[in-house]
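I am opening a notebook on a structure that is new to me. The entries below follow the order in which I looked things up.

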Amino acid sequence: MNVLGIETSCDETGLALYDLDSGGLRQRLYSQIERHREYGGVVPELASRDHVAKAAPMLRELLDEAGGVAAIDGIVYTRGPGLMGALMVGASLARGLAWALQRPLLGVHHMEGHLLAPMLSERPPEFPFVALLVSGGHTMLVDVAAIGRYRLLGESLDDAVGEAFDKTAKLLGLPYPGGPELAALAATVDHSPLTFPRPMVDRPGLDFSFSGLKTFALNTMQQLSPLDDRSRAEIAHAFETAVVETLGIKCRRALRQAGRGRLVVAGGVGANRRLREALGEMADAEGAELFFPEPEYCTDNGAMIAYAGARRLAAGQRDEGVFDVRPRWSLEELTPLK
Ligand code: KG4
Ligand code: ZN
């Protein structure tokens, strides 16, 4: 079964054709980052318009390569969570195609896509596992017993990790999205005399709070003003250390609490080198296995949506006639596969 996946929840237009039987995958990905950079963040209206401009031509290209619309056996799209207008573009395209081609249609949860992205790698994890989802919009720890059996263990009460990276990077004068830039700046020193707080690690529980780190960075900058290059790098380094250690502590706690021996890390911040190293050490010490999706499937993409949707279509799930998107949507509302 060849499933077309359409992802338009934020600032990436992602399309993929995934063959559930052979694992074969073709995909197209377009990132709007350049368009949003001058505004220092994603502008929802511009995002929707860019999806409108890009999705149909990208689909044509993908289908030309795959041998036309006959190659499509089912269509899935990101139904939420995400930006309302952006979601509507993908949902409308999917719905129109499904109606015209008379193919089954299903709306997919974006975070389920991220959770299942490691299934597309050469060494996919077995169930059950704990997943750490760290992106620009989300920070969550989820216990994954099987597809559709998700228990939210903890989440950010304020800024997502990627957002905290981006905001702190902006304070340091780095361009959007600042996460990788901040990491690169931090890597110019090998230690920092500064110590940032590890938010909420003393309290039991698995929730996160990252907005205080940005304020701490601002206060530190004011104290050290005027800043030279070395102090900027030391601030970046101390910030990154605090984030990485906090995530490590919470991941260890989550593995123990859920009684799982596998940790899957997904989302853009999963690209962070020091986070990967720290989680690697933690997992070794715990005797746990650690999994990362391929870098191209860490960030938003159509392949993860096609995969999650294909598994659900194969289990007989379909959209029930009503056309809607879910800008806010909890993972725990999803139904398990039969
Ligand atoms: O998953 P993603 O591509 O997009 C969504 O937010 O859905 O994640 C993007 C986030 C941004 O906040 C970006 O700054 C952050 O991931 N990021 C990083 C790194 N690479 C990307 N943060 C820290 N270190 C990195 N190497
Ligand atoms: Zn995402």
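Before using helix names I noted the rule: helices (H or I, at least four residues) and strands (E, at least two) are DSSP runs, numbered from the N terminus. I also noted that this is a predicted model, in which local features need pLDDT of at least 70 and side-chain atom pairs count only at pLDDT 80 or more, while totals for chains, interfaces and linings use all residues. Residues are numbered from 1 along each chain as its sequence is written, chains are lettered from A and ligands numbered from 1 in the order in which they are written, and side-chain values use heavy atoms, with hydrogens and water left out.

**Entry 1: ligand 1**

I looked up which helices each supply at least two residues of the shell around ligand 1, and found α5 (161–171) and α6 (178–186). The largest share, three residues, comes from α5. In total 16 residues surround ligand 1, and the closest are G136, D166, G179, G268 and N272; a residue is counted when one of its heavy atoms lies within 4 Å.

I then checked single atoms. A polar backbone atom of G136 is 2.6 Å from an oxygen atom of ligand 1, and one of G162 is 3.2 Å from an oxygen atom of the ligand. D166 places a polar side-chain atom 2.6 Å from a ligand oxygen atom. Of the 550 Å² of accessible area that ligand 1 has on its own, the protein covers 84% (Shrake-Rupley method, 1.4 Å probe).

**Entry 2: the zinc ion**

Which protein atoms are the donors of the zinc ion (ligand 2)? I found H110 (NE2), H114 (NE2) and D300 (OD), lying 2.0 to 2.1 Å from the ion. Donors are N, O and S atoms within 2.8 Å of the metal (3.2 Å for Na, K and Ca); water is not among the atoms, so sites may look incomplete. Along the chain the donors follow the spacing H-x3-H-x185-D. H110 lies in helix α4 (residues 110–116) and D300 in the loop between α10 (295–298) and α11 (302–314), so the pair ties together parts that are 190 residues apart in sequence.

Are H110 and D300 buried or exposed? I found both buried, where buried means under 20% relative accessible area, exposed over 50%, and partly exposed in between (1.4 Å probe, protein chains only).

**Entry 3: T241**

I located T241 in helix α8 (residues 229–258). T241 is buried, with a relative accessible area of 16%. Leaving out residues up to four places away in sequence, T241 touches R198 and R274 (heavy atoms within 4.5 Å).

Definitions and conventions:
Polar contact = N/O pair within 3.5 Å; in protein donor to acceptor, adjacent residues only side chain to side chain.
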